[in-house]
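Reader: Please take a close look at a single part of this model. I would like its salt bridges, one pair at a time.

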Amino acid sequence: MGKEEHLDNFNSTANLTKNAGFVSSISLDPKDGANNEKEYNPFEHRNLAHPNSTFGSIIHLLKACLGSGILAMPAAFKNAGTAAGIVGTLLAGFICTHAVHILVKTSQEACVNAKKPCMSFSETVGAAFKYGPKRMRHFSGFAKQLIDYSLLITYLSVLIVYAVFIGVSFKEVLDVYYPEGNFSVQVYCMLTLVPLVLICQIRNLKYLVPFSALANIMISIVFAVTLYYMFVDLPPVSEREVVASISTWPLFLSTVIFAMEGIGVVMPVENEMANPKRFLGCPGVLNISMVIVISMYCIFGFFGYIKYGDAVKGSITLNLPQDQWVAQLAKLLMALVMYFSFALQFYVPMEGIQRLMLSNLPEKYINIVQISIRTILVSICVCVAAAFPNLELVISLVGALFFSTLGLLVPAIVDTVYNWERNLGKFYYVAIKNFIISLIGVITLVSGSYVSIVAIVEDLSSNHNDTK
């Protein structure tokens, strides 16, 4: 969704990355360590060239989480209702935060077993099986590789969402100022191909830093403009549904999980902290950040739905007035944010591909293979985006398929496996709690995917009939 990444390269979108860290108390089962040997402390072995302060870590986490996902929250509330949306967002936020907690806690404890200063997401999953029950240990390598490839696919799916976002945003603006063109969303998606291929040829994160900084400035302007229009002439709350039809709840849940789930985002933040013990606790970096994030999601979702009702689109920026240049500028800026963020997001799957597939390639072929793979992957993402241009439904499908799995199901399984022979708590409450999280993940995966796919098919069929 490994290679350690510097946090000053995070963009303003909700990224998936990798290294893990979390809880401040590290325990080691007596049977896993030497009797007279001092317990290994991974915090003492993290040699960081540029460690981040506690405040800086909160800023990084907020910057990573408060991105494009928050703009989809009003559409999520449309599928839940005002009251159900608030309650559902709070519950989803709590569950997602706890899922991150248990994954990173496992990572830190596994670091003690492996005597490593930190681990990536996939290494954590592999280590949970390696240091778990004996009968599960031979699955360690498979589990690690499975997560590596899952993260790769997840990142590519997020890039598809970005390509759709860019195409739809440009269409919204150019249809106003160039009405005689009246091109389809598919055409605008395909027009992004060459610019995206070019920017994705940048291979060094250092050269992407200016794009990240520019994207952060732009998205701040977009948020300000969106909030202004959101609160102007706000209709009464009574005009909106309090609880929407249960048939659309899966769309709500999968969209919220897509927007909120940052199972990999917190990992490099903790690993780069000067004092990682402050990442956990109350208050701690994670808890402070997630309280702010969840609050912002509730505000955007609730008032965005109140403002636009059932007419709200996959990104609330697309609902901004067509006849006002400030609103149109915000749409263009958001499209540019997605464009710059695309390159930053693309860095992660390419890093994974280099590690998994290109590590043994002869030096003389690396450059041409790199260019070819980058071009092919971007082309695939853009073509899929053009084929399925309904932003709201694409976000819901990606959230249901990938983020429910990596963000909920995997952490619950990892925590259960690792603690199976250690400590599952009184009355096995850890196993019961993780089973409930897994069940929520599976329900989101199945119901969200089914409802999203059915809606996408109906949308494609409707568009096909309209073109006849």
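Author: **Salt bridges along one helix**

Asp175 and Lys171 both sit in helix α5, four residues apart, about one turn of the helix. Helices here are DSSP runs (H or I, at least four residues), numbered from the N terminus. The model is predicted: local features need pLDDT of at least 70, side-chain atom pairs count only at pLDDT 80 or more, and totals for chains, interfaces and linings use all residues. Residues are numbered from 1 along each chain as its sequence is written, and side-chain values use heavy atoms, with hydrogens and water left out.

The side chains of Asp175 and Lys171 form a salt bridge, 2.8 Å from N to O. The term means a side-chain nitrogen of Lys or Arg within 4 Å of a carboxyl oxygen of Asp or Glu. Asp175 is partly exposed, at 22% relative accessible area. Lys171 counts as buried, at 17%. Buried is under 20% relative accessible area, exposed over 50%, partly exposed in between (1.4 Å probe, protein chains only).

Helix α5 spans residues 140-177 and holds another pair, Lys144 and Asp148, again four residues apart. Their closest N and O atoms are 3.5 Å apart, and they form a salt bridge. Lys144 is partly exposed, at 29%. Asp148 is buried, at 7%.

Glu172 reaches outside the helix. Its side chain meets that of Lys331 in a salt bridge of 3.1 Å, N to O. Glu172 lies in α5 and Lys331 in α12 (residues 325-356), so the pair ties together parts 159 residues apart in sequence. Both Glu172 and Lys331 are buried. Lys313 joins them in a network of salt bridges. The count by this rule is eight salt bridges.

Notes: Helix = DSSP H or I, 4+ residues; strand = E, 2+ residues; numbered from the N terminus.
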